Amino acid sequence: MQTQLCEFCLKSGMLCSKCQEKIRSGAVDDLYMKVAQFLLDIENQYPSLQKASLNKVLQVGGFLVLVVGRGDRRRFMDQGGKLTREMRNAFKRRVLVIEDGVSDRGFLEDLFLDQRIITINIIWLPDGSTETRVVLQGRRARRLSKKRIRALTNIAKSVREMDLRVEYAY
Ligand SMILES: [Zn+2]
């Protein structure tokens, strides 16, 4: 697996000066290190991880968010989601895997995993900023709770600087 730190440093826990500098500058934090170490430890059970990259790790809205390389999402979701379940148990957080460098639509599809997106459009606000409006199909049984929507909105802001407005179509 490709990570922001050297594999040797992560495995030994003794950081080289380059890795130390990344921690000191805040480019990499403790959480990232813990997750990267955890994944390296179990990499041999998940061969698909070997070609994947772990770009960023955030803890937002009760989720553990892994920002991974483009095209790598499936490598983390391999074996029917066994890896993300294992991480959920270890870190006591729901795990969300988001790909870097994808379109807004691709990002939103990863974010609203089990929902059906009907429309995405950009709303320009008077102050020149924008909001991304997402309309989801509103079959009642599958609707996300307000709390969950708030969490996902926070994730969009943290990961992509995207201001989301989520609505359901009736
Ligand atoms: Zn290093």
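I began with the pairing of strands E4 (117-124) and E5 (130-137), which run antiparallel and are joined by seven bridges; I took strands as DSSP runs of at least two residues and helices as runs (H or I) of at least four, numbered from the N terminus, and I counted two strands as paired if DSSP finds at least two bridges between them. The model is a predicted one, in which local features need pLDDT of at least 70 and side-chain atom pairs count only at pLDDT 80 or more, while totals for chains, interfaces and linings use all residues. Residue numbers start from 1 along each chain as its sequence is written.

Entry: the E4-E5 hairpin. I looked up one bridge and found isoleucine 123 partnered with glutamate 131 in E5. Five residues lie between the two strands of this hairpin, and in the turn glycine 128 has a positive phi of about 90°. I then checked burial, calling a residue buried if 20 or more other C-beta atoms lie within 10 Å of its own, exposed if 12 or fewer, and partly exposed in between, with C-beta atoms placed from the backbone. E4 is hardly covered, with zero buried residues among its eight.

Entry: strands E1, E2 and E3. Strand E2 (63-68) is mostly covered, since I found five of its six residues buried. E2 pairs with E1 in the antiparallel sense over six bridges, and valine 57 stands opposite leucine 66 in E2. E1 and E2 form a hairpin with two residues between them, where glycine 61 in the turn has a positive phi of about 50°. E2 is also joined to E3 by six bridges, but these two strands run parallel, and valine 68 stands opposite glutamate 99 in E3.

Entry: helix H6. I listed the buried residues of H6 (residues 104-111) as Phe107, Leu108 and Leu111. Seen down the helix axis, they fall within an arc of 95° (taken over the directions from the axis to the C-beta atoms), so they line one face of H6. An α-helix has 3.6 residues a turn, so residues three or four places apart point the same way. Among what covers these buried residues I noted strands E3, E4 and E5 and helix H7 (146-160).

Entry: the core and the domains. The largest nonpolar core (buried Ala, Val, Leu, Ile, Met, Phe, Trp, Tyr and Cys residues joined through C-beta atoms within 7 Å) has 36 residues, and Ala36, Val65 and Leu66 have the most contacts inside it. This core draws at least three residues from each of domain 1 (7-99) and domain 2 (104-169), whose bounds come from an automatic or database domain assignment. I read the distance between the C-alpha centres of the two domains as 25 Å. Their contact (C-beta atoms, placed from the backbone, within 7 Å) takes eleven residues from domain 1 and ten from domain 2. On the side of domain 1 that touches domain 2, E1, E2 and E3 each supply at least two residues.

Entry: two alanines. Leaving out residues up to four places away in sequence, I found that alanine 36 touches Thr3, Leu5, Leu10 and Leu54. Alanine 27 sits in the loop between helix H2 (17-24) and helix H3 (30-42), and counts as exposed because 12 C-beta neighbours lie inside 10 Å. Its C-alpha atom is separated by 9.2 Å from that of lysine 56, 29 residues apart along the chain.
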